[in-house]
Amino acid sequence: MKASKVAYKPVGLVLGAASGMVAGAVFKQAWRIIEGEGDAPDATDENRTWKQILLAAAIQGAIFAVVKASVDRSGAMAIRRLTGTWPG
């Protein structure tokens with residue numbers, strides 16, 4: 001295993017946890033703007049429509065994917081700057 005890959009493992013774990021928290025906060029703000037409510041619906045929320053539930057799931061998934069990709073890419077670039085090789 002390359003040294004850059006080994007060096008990236010702990011960085012990736014920390015960045016993954018941080019990106020989850022950031023994505024959650026961004027999603028909460030986005031949902032408030034979209035629906036004007038504080039909480040996004042759960043899939044089993046009896047009082048919400050299919051449209052609300054699926055919209056919330058799609059937005060949440062998109063936000064998490066974008067944040068995770070951005071954070072992973074930034075972490076890999078930082079490791080390359082430190083070690084001189086790409087961690088992938």
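**Briefing: a two-helix chain**

Gln52 is in contact with Trp31, Glu35, Glu37 and Pro41, leaving aside neighbours within four places in sequence. The model is a predicted one. Its protein chain has 2 helices and 0 strands. The chain's radius of gyration is 17 Å, whereas a compact globule of 88 residues would have one near 12 Å.

**Overall form**

- Along the principal axes, the C-alpha atoms of the protein chain fill a box of roughly 55 × 20 × 15 Å.
- Of the 88 residues in the protein chain, 22% are buried.
- Contacts with a separation of 6 or more include many long-range pairs: 53% of them join residues 24 or more positions apart.

**The largest nonpolar core**

- This core has 8 residues in all: Ala23, Phe27, Ala30, Trp31, Ala56, Ile59, Ile63 and Val67.
- Helix 1 (3–35) and helix 2 (50–83) are the elements that give two or more residues to this core.

**Around Trp31 and Gln52**

- Trp31 is one of the core residues.
- Not counting residues up to four places away in sequence, Trp31 touches Gly36, Glu37, Asp39, Ala40, Pro41, Arg48, Gln52, Leu55 and Ala56.
- Among these partners, Ala56 also belongs to the largest nonpolar core.
- Gln52 lies in helix 2.
- Gln52 has a relative accessible area of 16%. Buried means under 20%, so Gln52 counts as buried.
- Glu37 and Pro41 appear among the contacts of Gln52 and also among those of Trp31.

**Gly16**

- Gly16 lies in helix 1.
- The relative accessible area of Gly16 is 35%. This value falls between the 20% and 50% cut-offs, so Gly16 is partly exposed.
- Gly16 and Ala56 are 40 residues apart along the chain. Their C-alpha atoms are separated by 22 Å.

**Surface and charge**

- The protein chain has an accessible surface of about 6100 Å². Carbon and sulfur atoms account for 64% of that surface.
- There are 11 positive and 7 negative side chains in the protein chain.
- The centres of the positive and negative sets lie 22 Å apart.

How values were computed
Residues are numbered from 1 along each chain as its sequence is written. This is a predicted model: local features need pLDDT of at least 70, side-chain atom pairs count only at pLDDT 80 or more; totals for chains, interfaces and linings use all residues. Side-chain values use heavy atoms; hydrogens and water are left out. A nonpolar core is a set of buried Ala, Val, Leu, Ile, Met, Phe, Trp, Tyr and Cys residues joined through side-chain atoms within 4.5 Å. Buried means under 20% relative accessible area, exposed over 50%, partly exposed in between (1.4 Å probe, protein chains only). Helices (H or I, at least four residues) and strands (E, at least two) are DSSP runs, numbered from the N terminus. Contact means heavy atoms within 4.5 Å. The radius of gyration is taken over C-alpha atoms; the globule rule is 2.2 Å times the number of residues to the power 0.38. Accessible areas come from the Shrake-Rupley method with a 1.4 Å probe; for residues, only the protein chains shown count as cover. Lys and Arg count as positive and Asp and Glu as negative; His and the chain ends are not counted. The place of a charge is taken as NZ of Lys, CZ of Arg, CG of Asp or CD of Glu.
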